[in-house]
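Let's take a friendly tour of the pockets and a few side-chain details of one protein model. Please have your viewer ready.

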Amino acid sequence: MVSIAVRKRLSPEESRAAAIEAARQILIESGPQAVTLKAVAARVDRTHANLLHHFGSAAGLQQALIDNMAEFITTTIRETVLRQRAGEQNPREVVDLAFDAFDTGGAGALASWMILSGNENALDPILKAIHDLVEELREAHSEEEAPLEDETMQLVLLALGDALFGAPLSRALGLPRNRAREIAYESMINSGIGKRG
């Protein structure tokens, strides 16, 4: 007797979400060059035509992945910062979330892929989300602290640089692998963020 595998029916929203998550996982595991419609389709057990229906093209899938990551990164960091400001969070968690988003979350690889492929405008959703987050958090930012834009730029650039080059640079300099995180955390404490709550 031959058994036939039945492909689970997904709603259009579920199918899109599964494809975006598969693209993120492939990005993290194998790098940006591995994120193809064919690879994503195989990962979610769908056809290439099915993904074309949902995203229109490989560029459409990439844009959906960027939009999804922008939303995830800023929502996670926003919630953590607000909890920290309410005295429920250590500022170290804000640093760890930012570094994890760019490293194990794949945002660093995605950003470098878009920039190196000449598609820098594709990063607009991430940049807009970061800008909006800074504007939202500005209300509770005191005058004694370093400018919020400076703090954000420093944290994002450190997290991005660490995701792309932190491991080999740490080895070359004989520093612990987490040294960039420690530098970011020390900077937050020194600028006054860690003195709230």
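Here is a short report on the pockets, the aromatic rings and one arginine.

## The model

Please keep in mind that this is a predicted model.

## The largest pocket

A good place to begin is the largest pocket, which holds about 380 Å³ of space. Its lining is made up of 16 residues. If you would like to centre your view there, pick Leu 127, Ile 130, Val 156, Leu 157 and Leu 160, the lining residues that lie nearest the pocket centre.

Three helices each contribute at least two residues to this lining: α6 (107–116), α7 (124–138) and α8 (148–173). Of these, α8 provides the largest share, with six residues. By class, the lining of the largest pocket comprises twelve nonpolar residues, two polar ones and two charged ones.

## The second largest pocket

Next comes the second largest pocket, with a volume of about 190 Å³. It is lined by 13 residues, and those closest to its centre are Asp 162, Gly 166, Leu 169, Ser 170 and Ala 180.

Here the elements that give two or more residues to the lining are α8 and α9 (179–191). Once again α8 leads: nine residues of the second largest pocket's lining come from this helix, just as α8 supplies the largest share for the largest pocket. Sorted by class, the lining of the second largest pocket contains eight nonpolar, three polar and two charged residues.

## Aromatic rings

How many aromatic pairs does a search of the whole structure find? The count is zero.

A ring does take part in another kind of arrangement, though. The charged end of Arg 92 is placed over the ring of Tyr 185, at 3.9 Å from the ring centre.

## A look at Arg 138

Arg 138 belongs to helix α7, one of the helices that help to line the largest pocket. Is Arg 138 buried, partly exposed or exposed? Its relative accessible area is 31%, so Arg 138 counts as partly exposed, because that class lies between the 20% limit for buried and the 50% limit for exposed.

Which residues does Arg 138 touch, leaving aside neighbours within four places in sequence? Its contacts are Leu 148 and Glu 149. The C-alpha atoms of Arg 138 and Leu 148 are 7.0 Å apart, while the two residues are ten places from each other along the chain. Both contact partners fall within the range of α8 (148–173), so a view of this spot takes in α7 as well as α8.

Key
Residues numbered from 1 in each chain as written. Predicted model: local features only at pLDDT ≥ 70, side-chain atom pairs only at ≥ 80, totals over all residues. Heavy atoms only, no water. Phe/Tyr/Trp six-rings, centres within 6.5 Å; stacked < 30°, edge-to-face > 60°. Lys NZ or Arg CZ within 6 Å of the ring centre and 35° of its normal. 1 Å grid on protein atoms, 1.4 Å probe; cavity = no way out; pocket = protein on both sides within 12 Å on 5 of 7 lines; lining within 4 Å. Points joined across faces, edges and corners; volume = space filled by probe spheres on them. Helix = DSSP H or I, 4+ residues; strand = E, 2+ residues; numbered from the N terminus. Nonpolar A, V, L, I, M, F, W, Y, C, P; charged D, E, K, R; others polar. Buried < 20%, exposed > 50% of the residue type's maximum accessible area, 1.4 Å probe, protein only. Contact = heavy atoms within 4.5 Å.
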